[in-house]
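Me: Could you take a close look at one part of this model for me? I'd like a connected walk through a strand and its surroundings, then whatever else helps place it.

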Amino acid sequence: MPNRTVHSIKVPRLYKTAAKIVQEVREKHGSLKTLIYEGKHPNVSGIYALCYKTLAKETQLTYLLNKIKILINEPGLDPWLARILVTELLWGKKTLKSECKPIQTVLAYEQKLRELSNIDDVERPRKTDQQKVNQKESSPDQNKDQGAIMTFVAVLGKLFIYSMAMFTLPFVAFFGVQHIMKVEFHIRDELHFCVCCCNYIKKPRYVRINTLLLPLEKGISYFQEEGWHIMPKCSNYIEYLDAVKKLKQPNFIQDFHIPELLVFPSNTIFYKHSKYQSGEIVLQDKASCLSSYLLNPTRGSVVLDMCAAPGMKTSHLAAIMENTGKICAVEVNEFRYQMLCKTIKLTGASCVETVHKDALTLKSDEYPNVEYILVDPTCSGSGMLDRQKLFGKEKYDPIRLKKLQAFQVLMLRHALLNFPNVKKVVYSTCSTCPEENEQVVSEILENVQNAYKLLPAKELLNGNWLNFSSKIYNCSDKCLYIKSNVDLCNDFFIAVFERDFDVPLPKYKEKKPRQQVASNNQGKKQIDVLHAENANTTRKLKKLGKRKKTNEETFQNGETSQNEETKDNILIDSVLNASSDSIEFIQEVKNDSDDNTSQNNDSVDIEPVIKKRKKKISSMMMKLPRNRFRLSQHKELRSQKKKRKIV
Ligand SMILES: C[S@@+](CC[C@H](N)C(=O)[O-])C[C@H]1O[C@@H](n2cnc3c(N)ncnc32)[C@H](O)[C@@H]1O
């Protein structure tokens, strides 16, 4: 290849796409499958295998990359791409065939990687130590001594103690756990608890017939023509769940609650199906369908979907409304907004108007006739089965949960109090954490006083449901919990609010946009103001009130340029989405290099960039709302600066 330098050779698309997906899963808690399907790469199974392996080998990859220092020595190498390439080299095809720069870079470390990746090698020190200990313990001399010391009586005594322990310990464990479940979690049904403890969930494949493009009856007969047999309808939910558990090819069944949702055996593959490619069927989990189903907007109504991308629920809402009326689908994130537009186009949801905006900045006078709102905000994603399979039971950082909770409260409160003609609001999360569910709803109930009431989910589903919110919270058991191990779909939480128009809405102060503010900055500015202004009902949000001044001061002093403002927004987003500061930092550095150079161009000297960004990030972090620690640091730095000036 005489004329082409390694810089100009492109990284194979498969690796680039896989790297982006893995990054999105890890940083934004996206669903692996959804991202892959939405990526529309021709080699879906190849990408899935590579991403899955990379995520599954995460710990080993971190160890290897740290050990060989590749990311330090090669600052131009994208860390996510590096993970993908190393996975392919060590556990995938075991070879990398391309002359492109990143692949050549990784190949330069191949020998080291192979040496280190040898699991025996990695674990040998520990094993050898353990073996030494074992050897010591079972050395013949010692055994002899022990044999001499251990009398027959001693052996009998030991056996007696062991048998007593083996007999009693299971009882102690069982009744102990039962006691904790009763006292701490108010769960009395042991059988249910035992079922819940079983981690193995075989989720069936859910296919929603997109009735905008394919009438339900036609859809069903289409599958029958393909050789599938439809099972008879069940008379109650328990019977239905039993039928789904036993579902085997060539049988499928209509969902018990949502008629347009068809349920197929778990190993059925649909992503290559022509009807999926054409948007006539949508691969949407039952849990996700339930939010739109419970919102149930009437034909011709006006609906606001405040957190819309990738648009699964929006397109379902459009189908429920038969493309009549209007749905405003709002999404703040640029990349996800593009995904939303694609979904809307593919599914023929012509009544949808997509809005690329921060939903917290929506004005009531811009949307005066909104009657139904769906609030499906960013959450921890702890209920996603794909995540659980990949990462096991994750521990959720309480600080992150609190941040998410504050954001979710703001979003839900904005929906309930800002639009005067709203009749019904559905709040949903794919989270199992009460912090994002019952606690959010209970706090909001206090705020809205009696202007809204919660509709009891059990009644909405005609008594055919098994799990509800905990009675220990204000919302009591009125909200719906979807439990993967019971309902055979993702874990989910749904609350349905209904407006009582006899009770006036509590006042909701909305800051008027400042005229001198450049339009690009308005969004961010208003979020800050909203964060602060909506903060008067709880102790947590009172703290934000104090922060308001700092943010406004920062703003008025013109300390942030437009460019920095965008970065600031990215940072706020990553504070909400990323799991650690290091990820934010990597993201920031990546953003910078994305802005300036091609992603794989390693000719940039990244060290000064890193230093500069580190400085910028720490200064930006201090300007961010919702963190007392940063605020106090910020104040301290300001006073130090002042003192220095005086001196
Ligand atoms: C759980 S996802 C929504 C899934 C979507 N309802 C569906 O069914 O396909 C949450 C979405 O809210 C978006 N989001 C977060 N904050 C937002 C804001 N302030 N305004 C608008 N969208 C926001 C996120 O970017 C993300 O795409």
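Reply: Quick bit of vocabulary before we start: two strands count as paired if DSSP finds at least two bridges between them. Keep in mind too that this is a predicted model.

Let's zoom in on strand β4, which covers residues 261–264. β4 is covered on both faces: L261 and V263 are buried on one side, and L262 and F264 are buried on the other. That back-and-forth fits the usual pattern, as side chains in a regular strand alternate between the two faces of the sheet.

Now for the partners of β4. Strand β1 (residues 205–209) runs antiparallel to β4, and four bridges join the two. In that pairing, R208 sits opposite L261. Strand β3 (residues 251–254) is antiparallel to β4 as well, with two bridges between them. Here I253 is the residue facing V263. β3 and β4 also make a hairpin, with six residues between the two strands.

F264 deserves its own stop. Setting aside neighbours within four places in sequence, F264 is in contact with P204, R205, V207, F223, W228, L247, F252 and F270. F264 also belongs to the largest nonpolar core, a set of 55 residues, and is one of those touching the most other members, along with Y15, I21, V106, L113, F223 and I281. The biggest contributor to this core is helix α6 (residues 79–91), which supplies nine residues. Domain 1 (13–118) and domain 2 (200–283) both feed residues into this core, so the core lies between the two domains.

Apart from that core there's another, made of 50 residues, including L294, Y372, C430 and V486.

For a parallel pairing to set beside β4, try strands β6 (residues 302–305) and β7, which are joined in the parallel sense over four bridges. L304 stands across from C328 in β7. β7 itself (residues 326–331) is mostly covered, with five of its six residues buried.

Finally, the ligand. It has 20 residues around it, and K313, E331, R336, A359 and D376 come nearest. Several backbone atoms are worth checking in your viewer. A polar backbone atom of C307 is 3.1 Å from a nitrogen atom of the ligand. A309 has a backbone N or O atom 3.4 Å from a ligand oxygen, and for M312 the distance from a backbone N or O atom to an oxygen atom of the ligand is 3.0 Å.

How values were computed: Residues numbered from 1 in each chain as written. Predicted model: local features only at pLDDT ≥ 70, side-chain atom pairs only at ≥ 80, totals over all residues. Heavy atoms only, no water. Core = buried A, V, L, I, M, F, W, Y, C linked by side-chain atoms within 4.5 Å. Buried < 20%, exposed > 50% of the residue type's maximum accessible area, 1.4 Å probe, protein only. Domains from an automatic or database assignment. Contact = heavy atoms within 4.5 Å. Near = heavy atom within 4 Å. Polar contact = N/O pair within 3.5 Å; in protein donor to acceptor, adjacent residues only side chain to side chain.
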